[in-house]
Amino acid sequence: MRRKQRRLFERLYNQHARGIFSQAWRLCCFNREDAEDVTQETFLRALKGFERYVDQDTEFAWLRTICLNIVREKWRRKTFFQQNIQQTKEDICFVKPSPDPLLAAQSAQALNRVIQAMDTIKPEYREVIILKHLTGMDDTEIAEIQQINVATVRSRLRRGRQALAVVLSREAI
């Protein structure tokens, strides 16, 4: 790597590492170790493709797309998603004890039902729901990362929420 490219990549890393870690942390269900691994892998892949990439206006979107693709690969190995959700559930139920044990148990059961329901919906719906509600991204950011238009993001959110509602209402019977 030439000196100029090295400086450009260092600038890219220094400017965007925090934002990429933040996205990875949310996508990894607030698991710091996994988020660090995903962030590192994101910049390793970016480094490999850096010579081909030229558009500095969309570099953060490019990095976020790489990050999302890495997490998608991990999601495909279902255990990653389930392990991280399990840890999040334990954190919610046991790290922050509720003054009312019945309320804590009901919250854990509700979270379990949502997690199981998320596993049953289409991956494209699950992804936009997670990006919207776990990472807090707006529709435009999701569209940019997923390389789809905003209307498609909104449609997938609506359909995903409907699919979740159907699955959850079936379980309530």
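Is R6 buried or exposed? R6 counts as exposed, at 51% relative accessibility, where exposed means over 50% relative accessible area, buried under 20%, and partly exposed in between (1.4 Å probe, protein chains only).

Before going further, note that this is a predicted model, in which local features need pLDDT of at least 70 and side-chain atom pairs count only at pLDDT 80 or more, while totals for chains, interfaces and linings use all residues. Residues are numbered from 1 along each chain as its sequence is written, and side-chain values use heavy atoms, with hydrogens and water left out.

**First stop: helix α1**

Keep R6 selected and add E10, its salt-bridge partner, with the closest N and O atoms 3.2 Å apart; a salt bridge here is a side-chain nitrogen of Lys or Arg within 4 Å of a carboxyl oxygen of Asp or Glu. The two residues are separated by about one helical turn, because they stand four residues apart in helix α1 (residues 3–27), helices being DSSP runs of H or I with at least four residues, numbered from the N terminus. E10 counts as partly exposed, at 37% relative accessibility. In the structure as a whole there are 10 salt bridges.

**Second stop: helix α2**

Select R45 and E41 next, which form a salt bridge whose closest N and O atoms are 2.9 Å apart. R45 and E41 are four residues apart in helix α2 (residues 32–49), so about one helical turn separates them. R45 counts as partly exposed at 29% relative accessibility, and E41 counts as partly exposed at 27%.

**Third stop: helices α6 and α3**

Now select E127 and R72, a salt bridge with its closest N and O atoms 2.9 Å apart. Because E127 lies in helix α6 (residues 123–133) and R72 in helix α3 (residues 59–76), the pair ties together parts that are 55 residues apart in sequence. E127 is buried, at 11% relative accessibility, and R72 is buried as well, with a relative accessible area of 18%. With E41 and R45 still in view, add E73: salt bridges that share partners join E41, R45 and E73 into one network.

**Last stop: around E127**

Return to E127, whose side chain makes a polar contact with the side chain of R72 at 2.9 Å (a pair of N or O atoms within 3.5 Å; within protein, one must be able to donate a hydrogen and the other to accept it, and residues adjacent in sequence count only if both atoms are side-chain atoms). Which residues should be shown around E127, leaving aside its neighbours within four places in sequence? Show R72, W75 and Q146, with which E127 is in contact, meaning heavy atoms within 4.5 Å.
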